[in-house]
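Hi there,

Here is the structure I promised to send over. Have a look at it first, and then read on for my notes.

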Amino acid sequence: MKTILLAAALLATSADAAPVDLVALYKDLHAHPELGFQETRSAGILAAEARAAGWQVTEKVGGTGVVAVMKNGPGPTVLVRADMDALPVKEITGLPYASQATGHYAGGPETPVMHACGHDIHMTVWAGVVRALANKKAGWRGTVIMVAQPAEEIIQGARAMLADGLYARFGRPDYALALHDGTGPAGTVQVNLAANASAADTVDIEVKGVGGHGAYPADTKDPVVLASRIVLALQTLVSRENDPFRPAVVTVGSIHGGTKHNIIGESVHLQLTVRSFDAGVQTRLVEGIRRIARGEAIAAGLPDTLYPEVTVDPNGTQPTINTTALATRIKALFQKTLGPDKVLEGNPSMASEDYNQFGLADPRIQTVMYSLGAVNAEIWAKAQQDGTKLPGPHNPRWAPDPAPTIATGVATMTDAVMMLLPAAR
């Protein structure tokens, strides 16, 4: 009989049972983050881990991606994905292994770089699963494809790997699995049965005007004031035009314009993120942005030659929707192995992912991404009592509790993969 219950074994020993060298690997990856399509060091480390465990490894797939394949007789094919890239964020965790790294995207300024989204946790779990599946090879049959993906944060890496022939070269999976760390207590997971992460579009608005001296505003068309009106009007897209039972977000994350106190400039640049779980809602929001930008320009008396330019980045991403039947099976497995109290209930995330591309590439592929609690359990419990708002991913203070988080991630992902593969006879 096949033994798959790594998570149960973990709980029977210690919730902090991650191997010491995996924790050390995590700290090393955390201290050496790399931006999207620049993950050469990280990719090299993961490739070496997989080779040492006996996997067939191919590097530089879709840029810096790594694919490790283990074929072990007839059976289904399961893909497990982890992302590798970090964020242009200055770390202020105060950890002894905090990042001091800097970097820059092509054509951009040099910035501090941090694993503020926990991709270092994801990579470390990936390495642990590589080891565990190799060690348990006698107990399963089929094929496992371990994918270390670049450039998730800029929503390009999954498409790049697929465009580089991921499925044609290594096989189309029957199942594709992933996890993402989050603000639950370490040692817990959350499995959503359908909607998991939102669609996202990146929108830029170039607000134009007629510049001049700050002392003579009547001789100008002030783009700062116009941009301010646009920002406020955009809030009505969600608060007054959206069905409150269909989640949506329109956030203006950046506003830049002008050069000096007494100068009215010629333009203001707005940067937005637009998110929902529905293609129709997403389209309506983007169309609403165009309408409001144009309408406010008309109200301000601008000629049509100076109407704002609204640009939507083509690298948007669709919502990440779990295959319900598969998610139900995986959730039941985790409830059995971890215990029902360790499988938390929660809402889908308004954060976004490009992991969905692995399933969207072929409708036959069943997909599940689940959330891995990463906050120190004592800190989390205290925050629930006193109402403290804890930092989460993309925050410069994001600091997962490594040992229990990694242990739970390795155990649950290995159990999920082995559940989907037939037992050896």
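Below is what I found, starting with the sheet and moving on to two helices and a few single residues.

A word on the source: this is a predicted model, in which local features need pLDDT of at least 70 and side-chain atom pairs count only at pLDDT 80 or more, while totals for chains, interfaces and linings use all residues. Residues are numbered from 1 along each chain as its sequence is written, and side-chain values use heavy atoms, with hydrogens and water left out.

The sheet is open and mixed, with eight strands in the order β1-β2-β6-β3-β7-β18-β8-β16. Helices (H or I, at least four residues) and strands (E, at least two) are DSSP runs numbered from the N terminus, and two strands pair if DSSP finds at least two bridges between them. β1 (56–61) and β16 (343–344) are the edge strands; each has a single partner, so one side of each lacks a neighbour in the sheet. Strands β3 (residues 77–83) and β7 (residues 175–185) run parallel and are joined by four bridges. Leu79, for one, has Ala176 in β7 as its bridge partner.

Helix α7 (residues 223–234) is a good one to click through. Its 12 residues should span 16 Å at 1.5 Å a residue, and the end C-alpha atoms are indeed 16 Å apart; the expected span is 1.5 Å times one less than the number of residues. Pro223, Leu226, Ala227, Ile230, Val231, Ala233 and Leu234 are buried there (under 20% relative accessible area; exposed is over 50%, partly exposed in between, with a 1.4 Å probe and protein chains only). They cover an arc of only 170° around the axis, which puts them on the same side of α7; the arc is that of the directions from the helix axis to the C-beta atoms. At the start of α7, a side-chain oxygen of Asp222 comes to within 2.9 Å of the backbone nitrogen of Val224.

Ser42 is in helix α3 and is buried, at 0% relative accessible area. Where does Phe37 sit? Phe37 is in the loop between α2 (20–31) and α3, and is partly exposed at 31% relative accessibility. Although not a glycine, Phe37 has a positive phi of about 65°. Lys60, in strand β1, also has a positive phi, near 60°, without being a glycine. Lys60 is exposed, with a relative accessible area of 69%.

Best wishes

How values were computed:
A polar contact is a pair of N or O atoms within 3.5 Å; within protein, one must be able to donate a hydrogen and the other to accept it, and residues adjacent in sequence count only if both atoms are side-chain atoms.
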